[in-house]
Amino acid sequence: MVQVHVARQISFKKYEFLLLKRSAAQKEFPSIWQVITGKKKEGETFTQCAIREIFEETNLVPAEMWALPFVATFYLPQTDSIHHSPVFGVLVDPLKSVAISPEHEEFAWVTEQEAFKRLAMPSHREGTAIFLKEILLKEDQEIFKIQSF
């Protein structure tokens, strides 16, 4: 599995984060606000999975991409399984439109503070904070940047 945080720059050092509200019809975690998540397919790298999931769930493509210095760990009681998910951060073109998949019923571009209020999963809140503080607000963003994707 992967976790992907999508942001757009709205002014100098000011960002909005994309949140998706899961459909009420989803078996796992219906109606919660979340970041992009998804399962890696056979033969796919985690980076390829993240890019595919971004496109499938939002119709967006990354302009810049980072592997965050954070791995999300969580337990799914539905499958009695523990997951370790690499976490990515991406910047997208602020002028591109979002088109959500049927897996979701709503989307919102929000501030970090609003994201913390809406996100149900602690690892999604933590990933948002790390993306902002360790990547987006840093002068040197190169250390975790994915150069070719």
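In this predicted model, Phe 17, Trp 66 and Phe 131 come together as one aromatic cluster. A search of the whole structure finds two aromatic pairs. Phe 17 and Phe 131 make an edge-to-face pair, with 6.3 Å from centre to centre and 70 degrees between the planes. Phe 17 belongs to strand β2 and Phe 131 to helix α3, so this pair ties together parts that are 114 residues apart in sequence. Trp 66 and Phe 131 form a tilted pair, at 5.9 Å centre to centre with 50 degrees between the planes. Because Trp 66 lies in strand β5 and Phe 131 in helix α3, this pair links parts that are 65 residues apart in sequence. As for accessibility, Phe 17 and Phe 131 are buried, and Trp 66 is buried as well.

Aromatic rings also meet charged side chains here. The charged end of Arg 118 sits over the ring of Trp 33, 4.7 Å from its centre. In a second example, the charged end of Lys 40 is placed over the ring of Phe 46, 5.1 Å from the ring centre.

We can turn next to Pro 62, found in the loop between α1 (46–58) and β5 (64–76). With a relative accessibility of 13%, Pro 62 falls under the 20% limit and therefore counts as buried. Leaving aside neighbours within four places in sequence, Pro 62 is in contact with Ile 51, Ile 54, Val 90, Leu 91, Val 92 and Phe 149. For one of these partners, Leu 91, the C-alpha atom is separated from that of Pro 62 by 5.8 Å, although the two residues are 29 residues apart along the chain.

Finally, the pockets. The largest pocket has a volume of about 430 Å³. Its lining consists of 21 residues, of which Met 1, Arg 22, Glu 28, Phe 29 and Thr 37 are the closest to the centre. At least two lining residues come from each of β1 (2–11), β4 (36–38), α1, β5 and α3 (122–136), and α3 gives the largest share, with three residues. Sorted by class, this lining has eight nonpolar, seven polar and six charged residues.

The second largest pocket holds about 160 Å³ of space. Among the residues that line this pocket are Ile 10, Tyr 15, Thr 111 and Leu 132, along with Phe 17, the β2 residue of the aromatic cluster. Two or more lining residues are supplied by β2 (14–22) and by α2 (112–118), and the largest share, four residues, comes from β2. By class, four lining residues are nonpolar, two are polar and four are charged.

Key
Residues are numbered from 1 along each chain as its sequence is written. This is a predicted model: local features need pLDDT of at least 70, side-chain atom pairs count only at pLDDT 80 or more; totals for chains, interfaces and linings use all residues. Side-chain values use heavy atoms; hydrogens and water are left out. Buried means under 20% relative accessible area, exposed over 50%, partly exposed in between (1.4 Å probe, protein chains only). Contact means heavy atoms within 4.5 Å. On a 1 Å grid over the protein atoms alone, a cavity is a set of points where a 1.4 Å probe fits but cannot get out, and a pocket is an open set with protein on both sides within 12 Å along at least five of seven lines; lining residues have an atom within 4 Å of a point. Grid points are joined across faces, edges and corners, and a volume is the space filled by probe spheres set on the points. Ala, Val, Leu, Ile, Met, Phe, Trp, Tyr, Cys and Pro count as nonpolar, Asp, Glu, Lys and Arg as charged, and the others, Gly among them, as polar. Rings of Phe, Tyr and Trp (its six-membered ring) pair if their centres lie within 6.5 Å; planes under 30 degrees apart count as stacked, over 60 as edge-to-face and the rest as tilted. A charge sits over a ring if NZ of Lys or CZ of Arg is within 6 Å of the ring centre and within 35 degrees of the ring normal.
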